[in-house]
Amino acid sequence: FIAGGTGADAGCDAIDGGGCLSGFSRNERVMSAQIYSEIGVKSMKSMKFGIAFLAAACVMMSASAEVVVSQPWVRATVPQQMATGAFMQLKSSQDSRLVSVTTSAAERAEIHEMKMENQVMRMREIDGLPLPQGQDVALKPGGMHIMLMGLKKPLTEGESVTLQLTFEDKAKKREVKEVVVPVRSLTKPAH
């Protein structure tokens, strides 16, 4: 409160230096001071609730997995080629999974694995790629990769393709990360 105010006048002093309730009786000023005081308490309670809510939201946001995408690239195509692969390194701050990929460059995108079966290398779609906490997961030619199928046009070196990667954490919360990926030839080194 502003110095000089006591009792009912203290409430007025807190509002505008003492002039807010001039002309009112002492009882009216006391009641007004109590109302202003109660409003202040309710405002403080609302503010405390707001701060608690924001803190909880920050904790929940930090609880979602942060996935770092590095060294992404898409293999360039030749005319009439309708599919190609996308490759990259993924590293998640928490256990999560890459569950889907979309792009406007192709009719569909799938997460694939290469696996040796009966001495034959087979490629197949998988429903998700596990990303163990803190571990680098490589999507590379001959291994796990993203397959872009039904390309809408040939992809030439120097262009880029935008991929939307959907990640899911242990709580089944999904997050979409958009990545602009350069197109390069298979024979060109990554760096």
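The paragraphs below lead through the fold of this predicted model, from the overall chain to the pairing of its strands.

The chain contains 2 helices and 10 strands. Read from the N terminus, the order of elements is α-α-β-β-β-β-β-β-β-β-β-β, so by the numbering of elements from the N terminus the helices precede strand 1. Of the 191 residues in the chain, 34% are buried. Among contacts with a separation of 6 or more, 64% link residues 24 or more positions apart. The accessible surface of the chain amounts to about 12000 Å², and carbon and sulfur atoms contribute 58% of that surface.

The C-terminal part of the strand order offers a place to examine the pairing in detail. Strand 9 spans residues 160–169, while strand 10 covers residues 174–184. These two strands pair in the antiparallel sense, over 9 bridges. Within this pairing, T166 lies opposite V176 of strand 10. Strand 9 and strand 10 form a hairpin with 4 residues between the strands. In that hairpin, K172 adopts a positive phi near 70°.

Strand 10 also pairs with strand 1, which comprises residues 67–75. Here the two strands run parallel and are joined by 2 bridges. One position in this pairing can be located directly: V74 has V183 of strand 10 as its bridge partner. Strand 10 is thus engaged in an antiparallel pairing with strand 9 and in a parallel pairing with strand 1.

For viewing the side chains along these elements, a general point applies: in a regular strand, side chains alternate between the two faces of the sheet.

Definitions and conventions
Residues numbered from 1 in each chain as written. Predicted model: local features only at pLDDT ≥ 70, side-chain atom pairs only at ≥ 80, totals over all residues. Heavy atoms only, no water. Buried < 20%, exposed > 50% of the residue type's maximum accessible area, 1.4 Å probe, protein only. Contact = heavy atoms within 4.5 Å. Areas by Shrake-Rupley, 256 points an atom, 1.4 Å probe, with all protein chains shown as cover. Pairing = 2+ DSSP bridges.
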